[in-house]
Amino acid sequence: MTAELIQLLTPEGERVDNPEYPLDDVDIKGLYRDMVLVRRIDTEAIALQRQGELGLWASLLGQEAAQIGSGRALTPRDMAFPSYREHGVAWCRGLDPMKLLELFRGVSHGAWVPEEHKFHLYTIVIGDQTLHATGYAMGVQRDGTEDEAVIAYFGDGATSQGDVSEAFNFASVFNAPVVFFCQNNQWAISESNERQSRVPIFQRAAGFGFPGVRVDGNDVLACYAVTQKALKAARDGQGPTLIEAFTYRMGAHTTTDDPTRYRVASELETWKLKDPIERVRVYLARSGQADTAFFEEIEKEAGELGKHIRAACRALPDPVPLSIFDHVYNGENAIVDAERAQFAAYLESFEEPAR
Amino acid sequence: MSKLTLSRALNEGLRRSLDVDPKVMIMGEDVGKLGGVFRVTDGLQKDFGEHRVVDTPLAESAIIGTAIGLALRGYRPVCEIQFDGFVFPATDQIVTQLAKMRYRSGGQLTLPVTIRIPFGGGIGAVEHHSESPEIFFAHTAGLRVVACGDPADAFTMIQQSIASDDPVIFFEPKRRYWDKAEVDTAASVEDALPLHKARVVVPGDDVTLLTYGPLVRTCVEAAVAAREGDARSIEVIDLRSLSPLDMETITASVAKTGRCVVAHEAPVYAGLGGEIAARVTEQCFYHLEAPVLRVGGFATPYPASRLEDHYLPDLDRILDGVDRTFGF
């Protein structure tokens, strides 16, 4: 078991070599761009919530490296099962950010086609998706394909859920090709790590019989390399790995939350020095891999993305009332069908048609 | 035609489904080598292999949760929950995930998962082995909920449930596992009564008696006794489907008889009988000669087994309910 925090890029922007995690093929400038753009999506979404355009938003601020690093480690055939904060992973899977905004605006429950993006729907009840990922991986195993792995995203709070322990156990017993990626952002709403567990999260894996590693979750290179290795092990038939990405939720749990009630400002200041984007910017600039024009170009792109999101969000139409009854069942259902007909007749009884 | 126990009829139905569709799999506790504690899956692992008939670790939530993942991957899992009282650890996965995934996805995802649950009392068991939790699932939109009452239905309904693209909660009347009846295992399931249709088991004219699962046999016996004793003609209907309800068959009968009694083992309070009573009252108001009455379990937890004969509606309590509808 690895005891130390795996880090390939320090908060000061210094590269650290680790022979276990060579970085040959990684596009660091691309990772930088991804992180800047998803942070912009996040900033815009928070603003839209404040303006009343979204009902809620769960911010990823501070977790860009964990999500982009792991998300870019996935091959197109790998399947991801997110929680509800994985906007960065969604970005890596090619999902239109507007699909996420639909959910938080309340015009849908977040209906995208998972197989098209190999990115399952957001799961809000904590930890449930770890079992879906494990079952999906058991399916991959039964299909006999060797170039596919599955990744389950969840948080530190989720590790207290029975379903997460059950997922670890099933994955281990069946040797399923699944990677458990825990973003330990230190806070489950107001409850700190100490209230969730007496042992470091990555050490839990040992009790279930598979490897656990702790990675600097604010280091996009380390998150990329560690996830890539774990996915490869899964594809090679070596079973599950637990990755604990040690990171920090720099914002509120969601837009309804007030972190000043439970944590001190100095903690945030400490973590700001470990910002996942800044260290990559420093590294790229100092090593001469990127110049001012590169950074300006990405800022410009982020500005355009923000502008698009603001306009597209406001343009999202409300669903029609009778769509309440759509897609409950595949075929007929006498009870739902009768209620739909009754409600339609009720709506039609008004002179002004409902929208 | 061959004479099969209800347990064996289910086994034959499962076998047929495994044969027909290579994506069908069975998973649960002790379903493999042991063949299930009621032997419903007897011999299936031997014939279809450990990848298709899977002995899982002992964790109900994980059985359903991983079945959802397998279904997302294109499999068609049939999960066994060993006893009714053991389903509750899995209710989160059933209610928040299995039932809602299609709706949440705007129709993009389907989860063809069948969950088999032996239910009901009457076998002298310890606590948590005799319950009737069907209403929890009937109350949950997105699930289809059915209960078989005899071997012939057991054989066809399990196949229809597995073939359904929606999740189905399939209740098996555990004290009737050993009841024998003729089952045509050669018959095509396409010709069978549709899964969500109720069936008139005993035709009659004076009162409609609605039931399902283990009480189907009890109600048939009650109808025979009433015909001989009180010269009363009871029409017994096996609901078979608890969600959706086949109101067409129910209202056609009540419009004819003018009286209706609903019998189930589950507690009467806030139970399926209440839902049926409200709907029958609304749809058959001018046909009714008496209020719809309910006979069922009490508003108590299931008692210790030496008391279960008092708790469970038996022939006398059902006939008492029937008698009371003639007192109005």
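Q: How far apart are the centres of domain 1 and domain 2 of chain B?
A: They sit 26 Å apart, taking the centres over C-alpha atoms. Keep in mind that this is a predicted model.

Q: Where do those domains of chain B start and stop?
A: The domain assignment puts domain 1 of chain B at 2-191 and domain 2 at 199-325.

Q: And how many residues of each are in contact with the other?
A: On the domain 1 side of chain B there are 26 residues, in contact with 20 residues of domain 2.

Q: Which elements of domain 1 give two or more residues to that side?
A: In chain B those are helix H6 (134-138), strand S6 (144-147), helix H7 (151-163) and strand S7 (168-173). S6(B) gives the most to the side of domain 1 that touches domain 2, with four residues.

Q: What's the makeup by class there?
A: The side of domain 1 of chain B that touches domain 2 of chain B has 11 nonpolar, seven polar and eight charged residues.

Q: OK, over to chain A. What does the domain assignment give for that one?
A: For chain A the assignment gives domain 1 as 5-315 and domain 2 as 320-355. The centres of these two domains of chain A are 39 Å apart, again over C-alpha atoms.

Q: How many residues of chain A are in contact with chain B?
A: 33 residues of chain A are in contact with 35 residues of chain B. The elements giving two or more residues to the chain A side are helix H6 (128-143), helix H7 (162-173) and helix H14 (334-348) of chain A.

Q: Which of them gives the most?
A: H6(A), with 11 residues on the side of chain A that touches chain B. By class, that side of chain A has 17 nonpolar, 11 polar and five charged residues.

Q: Switching to sheets. What's the strand order in the open one in chain B?
A: Seven strands of chain B form this open sheet, in the order S3-S2-S4-S5-S7-S6-S12, and the pairing is mixed. Strand S3 (53-55) and strand S12 (241-243) of chain B each have a single partner strand, so they stand at the edges with one side left without a neighbour in the sheet.

Q: How much are neighbouring strands turned against each other?
A: By 20° on average in this sheet, ignoring direction.

Q: How many bridges join S2 to S3 in chain B?
A: Three bridges join strand S2 (residues 24-28) to S3(B), and the two run parallel. In one example, B:Gly28 has B:Asp55 in S3(B) as its bridge partner.

Q: Which strands does helix H3 of chain B touch?
A: Helix H3 (residues 60-72) of chain B packs on the sheet and touches S2, strand S4 (76-80) and strand S5 (114-119) of chain B. The direction of H3 makes about 170° with that of S4(B).

Q: Now the largest nonpolar core. Which residues touch the most other members?
A: A:Ile151, A:Ala152 and A:Ile243, out of 187 residues in that core. Helix H10 (residues 220-235) of chain A supplies the largest share of this core, 10 residues.

Q: What does A:Ile243 touch?
A: Leaving out residues up to four places away in sequence, A:Ile243 touches A:Val179, A:Phe180, A:Phe181, A:Cys182, A:Val213, A:Val215, A:Val226, A:Thr227 and A:Ala230.

Q: Backbone oddities next. Which residues does the cis peptide bond join?
A: B:Ser243 and B:Pro244, with omega about 0°. B:Pro244 lies in the loop between S12 and helix H9 (247-257) of chain B. Most peptide bonds are trans, and most residues other than glycine have a negative phi.

Q: What's phi for A:Lys118, then?
A: Near 50°, a positive value in a residue other than glycine. A:Lys118 is in the loop between helix H5 (114-117) and H6 of chain A. With 18 C-beta neighbours inside 10 Å, A:Lys118 counts as partly exposed.

Q: And what about phi of B:Asp30?
A: Also positive, near 65°. B:Asp30 lies in the loop between S2 and helix H2 (44-48) of chain B.

Q: Why does B:Asp30 count as partly exposed?
A: Because B:Asp30 has 16 C-beta neighbours inside 10 Å, and partly exposed covers what falls between the 12 or fewer of an exposed residue and the 20 or more of a buried one.

Conventions. Residues numbered from 1 in each chain as written. Chains lettered and ligands numbered in written order. Predicted model: local features only at pLDDT ≥ 70, side-chain atom pairs only at ≥ 80, totals over all residues. Pairing = 2+ DSSP bridges. Axes fitted to C-alpha atoms, helices over the stretch in contact; angles between N-to-C directions. Contact = placed C-beta atoms within 7 Å. Core = buried A, V, L, I, M, F, W, Y, C linked by C-beta atoms within 7 Å. Nonpolar A, V, L, I, M, F, W, Y, C, P; charged D, E, K, R; others polar. Domains from an automatic or database assignment.
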